[in-house]
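Student: Got a minute to go through this model with me? I'd like to start with the strands.

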Amino acid sequence: GKALAYAAPPEAADEGEILNPAVAEDGRRRGLGRALVEAIVDALTERGVQKVYLEVRESNAPARALYARFGFKEVGRRKAYYRRPVEDAMVLRLDA
């Protein structure tokens, strides 16, 4: 009865974005993040999306490793994007 993972995948034209992906602490290290990203990328590409974007904290090594396994590459930075603590966002893109 409890959500263990979620994300929002908006799209426009041939571009999509993964917004706010999250896995609850008690759902981590069980493949939920991988399954979530895979399902979103598959759904977006089925709808004709060719580029998928997302932002990630530079310090979030587990998420960065996950996205790298899918082929996401850094294409930019957003200075002081995150709060608590203030941190840059790495902008990643997957060419589907």
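**Strands, helices and core**

Tutor: Sure. This is a predicted model. In it, β6 and β7 pair in the antiparallel sense, over six bridges.

Student: Which residue in β7 does R78 stand opposite?

Tutor: R78 stands opposite A89.

Student: OK, and what's the strand order in the open sheet?

Tutor: The order is β2-β3-β5-β7-β6, so five strands with mixed pairing. β2 (11-12) and β6 (73-82) stand at the edges with a single partner strand each, so one side of each has no neighbour in the sheet.

Student: Switching to helices. Which strands does α2 lie across?

Tutor: α2 lies across β5 and β7, and runs at about 160° to β5.

Student: And how do α1 and α2 pack, what's the angle?

Tutor: The angle is about 45°, and the axes are 11 Å apart. α1 and α2 are therefore oblique to each other, since angles that are not under 35, over 145 or 65 to 115 degrees count as oblique. Their crossing is right-handed.

Student: Which residues meet there?

Tutor: From α1 you have G33, R34, V37 and E38, and they meet L66, Y67 and F70 of α2.

Student: Now the largest nonpolar core. Which residues touch the most other members?

Tutor: I18, Y67 and F72, out of 17 residues in that core. α1 (32-46), β5 (51-57), α2 (61-70) and β7 (87-95) are the elements giving two or more residues to this core. α1 gives the most, with five.

Student: What does Y67 touch, leaving out residues up to four places away in sequence?

Tutor: Y67 touches P21, V37, L54, V56, F72 and L92.

How values were computed: Residues numbered from 1 in each chain as written. Predicted model: local features only at pLDDT ≥ 70, side-chain atom pairs only at ≥ 80, totals over all residues. Heavy atoms only, no water. Core = buried A, V, L, I, M, F, W, Y, C linked by side-chain atoms within 4.5 Å. Buried < 20%, exposed > 50% of the residue type's maximum accessible area, 1.4 Å probe, protein only. Helix = DSSP H or I, 4+ residues; strand = E, 2+ residues; numbered from the N terminus. Contact = heavy atoms within 4.5 Å. Pairing = 2+ DSSP bridges. Axes fitted to C-alpha atoms, helices over the stretch in contact; angles between N-to-C directions. Left-handed = near helix turned anticlockwise from the far one by under 90°.
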